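Thank you all for coming; I would like to walk you slowly through one structure today, and please keep the picture in view while I talk.

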Amino acid sequence: MENNSVPPGFAPRTSFKLKKAEVSVVGVEGTDRSNAVVDSSKQGPTQMDSTSEMTALEKVKTFLQQRPWLLFDQTDHTSVQPDPQQFQMEPLPKACLSNGVTRGSPESTYCVKEPHLLKGVTRGCPESGYCVKVTERWRPEGAIIEKLDKAPVFYPTHEEFKDTLKYITSISARAVQFGICRISPPPSWIPPPPIEENSKWRSSTFAPNIQRIDGLRSKLDGSDESRKKKRRISTVGLDCAFEFTSSMGEAGQSDVNCFESERGPEFTLDSFKRYADDFKRQYFRKSDVIGNQEQWEPSVENIEAEYTRIVENPTEGIEVLCGNYLDTKGLGSGFPIVSPDTPECLQSGWNLNNLPRLPGSLLSFESHDTCHILVPQTRVGMCFSSSLWRVEEHHLYSLCYNHLGAPKVWYGVPGSSRIRFEAAKTKSFPDLLKQHRLVKQVPPSALKSEGTPVFCCIQRPGEFVLVFPGAYHSEFDCGFNFSESACFAPLDWLPYGQNAVELYSERERKTSISYDKLLLGAAREAVRAQWEISLLKNKQTSESLLWKSACFKDGILTELFKTRLKSEEVRRKCFCASLKSQRMNSDFDATMKRECCICFCDLHFSAVGCPCSVGRYSCLFHAKQRCFCDWSNKFVLYRHEIKELNLLVEALEGKLSAVIKWAKDDLGLYLHELFPSL
């Protein structure tokens, strides 16, 4: 190379010349920028200036940091001048690329090698053909073993397993105090077809997020040592990977307390499994000497102890990839949707595509078009990938099925201990801001020390984990797995749903479902069931008996509807008595969820509007704040008059005349159709 310098720390294996491309730009000082043209006719050798505003080394660092799937180490080496002979650039064989994985450097086929490797770690992976080995290792000497009480495990019989909601209701009283429980299906149950046999195993792609597992407490102690901690993204490249060193300043410290939201490269399920398996194999291997590596599988206890060590007492940064909360409409469900080969699983209530809208689940009164909660979510994980402490939206029930792969370790705090949990979280992270559904990974030991009960369970493939309303829960993966979860709302969820609505209103948080729509839908269905049971003796089905059990004066549905009606009546009298009112159209919120423009409160029962802005509404409480128009211009929309809702309460309490009248006026059920002679 004649008179051509190279970026500091790089030495090419083959000679090449860099030529300058002159750009003629028209539009600046009488020229037009939109017609920028590269003039290659005047190309010639150019001298690379290492003292420019951004050095070549800095540019490479920036390049690597902007690509979260690259392996790099952030440590302050600015005081050391790297030796150019220690870096190499060499062509990467195309055979190393795998389907669904993007190359680390799209514009070239070169790997960058970094000089400072951990002792005993070698480049390349001859036994698997991958380019980079995991630099961090299992540290059994630092293992932290959590001693937690186990959540209960249930083994339903074939007969019990037939009715999903009935069985869950039967175990709720025994298991709700644990927050979570495990359900092992009977041997007679036919599970969904293996996901590997699905065409989407190799065709559908997803982009996982990066999760930083270590250093969750570093920001709190603020020590200099934690600031200098190395940061390694442990991503084993299926095609090409990088490891680089840079200074970790305040920018790097800002996210040390939480999982990063950066996206990794796209994977198929097949390529992600190979990636995850190779990461786990390398991380837990007992020898770094090629050809002398003992093949073994770490136990769940080994992995849990190492995970706890990484979270509570990290030595180096660990980052993994996780496909979390993936919509089944994109990646696909592990349960059959249309499959003549598995009719039993297709129609089963344990099929998570059916669960939200099962008869008896209040979510059946919601619309698919307006509610994402009705769609199951899939999750693709690898060893150490985690879901942090959280409560399901609207404090719904949740059921998770592990389709394939390694076990998942779950931690649960019952809903009755929610206040204790939040107090312990605040004590562990006093500067933590309130977040939507997600809090930091407070170790179970920290919760237990504050008197918060924590329970755990191990979910293996083919098993369900049930999460009860209001329970905080978290989990991590022991290796590659593919799981799926769905929310549902049986009748005993109603009190939790009411509490969630009040909590969201206080915090001015958006709601995902209309509690009032579910409550009114349940009340109407209960009246229908009473009408059928009272007048049609052959209509006493298990479903109608379930609805009837929630009625009468002490029924859970009756009590909650009366409470909601009292609140609605007070608001109409106190805030909007002088406004003109009109009945809202039946499809007012059929295609979209209507919410208050001030507090995001649900508007299924009533709303306040104004001609100044069509389609913008407020709740009754915020009628004055809705706009600055004259009070006389505003109007109230209502779904039912108060006297109609009082009639519904009487019907729920079991008054037969009220049942017959509501059934005729609202449900279109007439006595003369049953008794033509009347």
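**A sheet, a helix and two cores**

Let me begin with one pair of residues, valine 380 and phenylalanine 482, which stand opposite each other, the latter belonging to strand 21. Before going further, I should say that this is a predicted model.

The strands around that pair are strand 14, residues 377-381, and strand 21, residues 481-488, which pair in the antiparallel sense over five bridges. As general background, strands of a sheet pair through backbone hydrogen bonds, and they may do so either parallel or antiparallel. Here eight strands form an open sheet with mixed pairing, and if you follow them across, the order is 7-8-19-16-21-14-13-10. At the edges stand strand 7 (153-154) and strand 10 (209-212), and because each has a single partner strand, one side of each is left without a neighbour in the sheet.

Packed on this sheet is helix 2, residues 164-175, which touches strands 7, 8, 16, 19 and 21, and the direction of helix 2 makes about 135 degrees with that of strand 8.

Now to the nonpolar cores. The largest has 68 residues, and the members that touch the most others are Phe464, Leu466, Trp493 and Phe561. Helix 14, residues 515-535, supplies the largest share of this core, 10 residues. Leucine 466 has contacts that, leaving aside residues up to four places away in sequence, include Ile168, Ile171, Tyr397 and Phe488. Apart from the largest core lies another, of 50 residues, among them Ile303, Leu326, Ala406 and Phe421.

Ile303 brings us to helix 8, where Ile303 is one of the buried residues. Helix 8 runs over residues 300-312 and reaches 18 Å from its first C-alpha to its last, close to the 18 Å expected at 1.5 Å a residue. Of its 13 residues, 10 are buried, so helix 8 is largely enclosed by the rest of the structure. Those buried residues pack against helix 7 and against strands 15, 17, 18 and 20.

Finally, the cysteines: how many disulfides does the structure hold? The count is zero. To see why, take cysteine 627, whose sulfur is 3.8 Å from the closest cysteine sulfur, in cysteine 610, and therefore too far for a bond. Cysteine 629 is in a like position, since its sulfur is 3.6 Å from the closest one, in cysteine 612, which is also too far. Cysteine 627 is buried, with a relative accessible area of 13%, whereas cysteine 629 is partly exposed, at 27%.

Conventions
Residues are numbered from 1 along each chain as its sequence is written. This is a predicted model: local features need pLDDT of at least 70, side-chain atom pairs count only at pLDDT 80 or more; totals for chains, interfaces and linings use all residues. Side-chain values use heavy atoms; hydrogens and water are left out. A nonpolar core is a set of buried Ala, Val, Leu, Ile, Met, Phe, Trp, Tyr and Cys residues joined through side-chain atoms within 4.5 Å. Buried means under 20% relative accessible area, exposed over 50%, partly exposed in between (1.4 Å probe, protein chains only). Helices (H or I, at least four residues) and strands (E, at least two) are DSSP runs, numbered from the N terminus. Contact means heavy atoms within 4.5 Å. A disulfide is a pair of cysteine sulfur atoms within 2.5 Å. Two strands pair if DSSP finds at least two bridges between them. Axes are lines fitted to C-alpha atoms, for helices over the stretch in contact, and angles run from 0 to 180 degrees between N-to-C directions. The expected span of a helix is 1.5 Å times one less than its number of residues.
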